[in-house]
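Got the viewer open? Let's take a short walk through this fold, one selection at a time.

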Amino acid sequence: MRHQPKETMITKASGERLAFSAKKLKDSLLRSGAPPGIIDDIIIQITSRLYDGIPTAKIYSMAFQLLKQQKKGPAAKYKLKNALMELGPTGFPFEQFIARIFRKMGFATSTGKVLEGKCVRHEVDVVAQKDHEQYLVECKFHQQRGIYCDVKIPLYISARFNDIEQVLSGKVKNKTLTFQGWVVTNTHFTKDAIAFGMCAGLNLLGWDFPVRDNLKELIDRYGLHPLTCLTTLTQQEKQEFLQRNMVLCSELMEHEAILENKFSAERVEKIKAECAHLAS
C-alpha cells in the first residue's frame, strides 16, 4: 500500500499553521509575469528547502531572491505586498498612494484635510469627490506582516464619519452630495471588522478585501505600483524620492531628468525597464 507523502506545515505571520501549497506559490509567481520555466525551477528549489513550521515570510524571501537573480521585472511585481509596507515609517506616503488610486478612478482628491464635526474637528486622510459622491477615507498603514485591522478601527472611523457627516449634510451647498466613509489598509481586516463595517455602511478596502476590486487588484489594473517595488533602487534612494512626494513608478518616468541627473545612463535604463514591466 502506497503512503501519501506527509504535508509540510507552514506558519503565517499571524501564527496560523496551514499546509504548504505549491499551487498558491505558482499562482503568485504567475501574477508577477515570470516565465513558466523559471517558475517551475523556483518551486523545485523551494520545495527542496521546506521544513515543518517554516514561516511564510521565509518562503516569500526565498522566492523573491531566486526570481530577482533571473528576472528583475517580475521580482519587482512579486514584492508588491512588501513594497506597500516600505511606504513607511510614517503613514503619509501611504495616504498619498491611496489618493493617487482614487485620482486614477476619476476622483478629485485632497489629503490631510481638517473638517468640522458636530462635536469636534477631525483630520481626514483622504477626501475624494466625483460627481455627487464624496468619500472620507481613513488610511491604516502597517509596516509588518500579520497585523490585522480589528473591529476597533471601523468602530472608531464610523463615529468620526457620523460626526463629520452631520455637519456636511446640513450645508446648503452639499444638498446634492452623498457621503461615504472608507477604511483602507495595506494588510487585512478581521472577520468582526468586516462584519461591523458592512453593517455600519462603511466601505472597507484591504490587501485582499473585498474579494473583487481589492487593493491588490486595483494596483495591478491601473498600473499604480509604488516605487518601493523597484529592485533597482536602494532603500535610501526610495526614501529620498518619497520625501520629494514621488510615490509611483510612473512618477519616476515623468521626471526622467531627475533620474538622469542622479544616476548613470546604464542605471537609468535598468530602472526604466523595471518600471515598464510593472506598467505592463
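A quick bit of vocabulary before we click: two strands pair if DSSP finds at least two bridges between them. Keep in mind, too, that this is a predicted model.

**Stop 1: the sheet.** Select β4, β5, β6, β8 and β10. These 5 strands make an open sheet, lined up in the order β4-β5-β6-β8-β10, and their pairing is mixed. Now look at the edges, where you'll find β4 (108–116) and β10 (203–205). Each has a single partner strand, so one side of each has no neighbour in the sheet. Tilt your view and follow the twist: from one strand to the next, it averages 35 degrees.

**Stop 2: one pair of strands.** Zoom in on β8, residues 178–185, and on β10. The two run parallel and are joined by 3 bridges. Want to see one partnership? Pick V184, then find its bridge partner in β10, which is L205.

**Stop 3: a helix on the sheet.** Next, select α7, residues 152–168. This helix packs on the sheet and touches β4, β5 (121–130), β6 (133–140) and β8. Compare directions, and α7 makes about 155 degrees with β8.

**Stop 4: two helices together.** Keep α7 on screen and add α8, residues 191–200. Their axes are 8 Å apart, and the helices pack at an angle of about 20 degrees. Angles under 35 degrees count as roughly parallel, so α7 is roughly parallel to α8.

Which residues make the contact? On α7, show P154, L155 and S158; on α8, show A193, F196 and A200. Colour them by class, and this contact has 5 nonpolar residues, 1 polar and no charged ones.

Note on methods. Residues numbered from 1 in each chain as written. Predicted model: local features only at pLDDT ≥ 70, side-chain atom pairs only at ≥ 80, totals over all residues. Heavy atoms only, no water. Helix = DSSP H or I, 4+ residues; strand = E, 2+ residues; numbered from the N terminus. Axes fitted to C-alpha atoms, helices over the stretch in contact; angles between N-to-C directions. Contact = heavy atoms within 4.5 Å. Parallel < 35°, antiparallel > 145°, perpendicular 65-115°, else oblique. Nonpolar A, V, L, I, M, F, W, Y, C, P; charged D, E, K, R; others polar.
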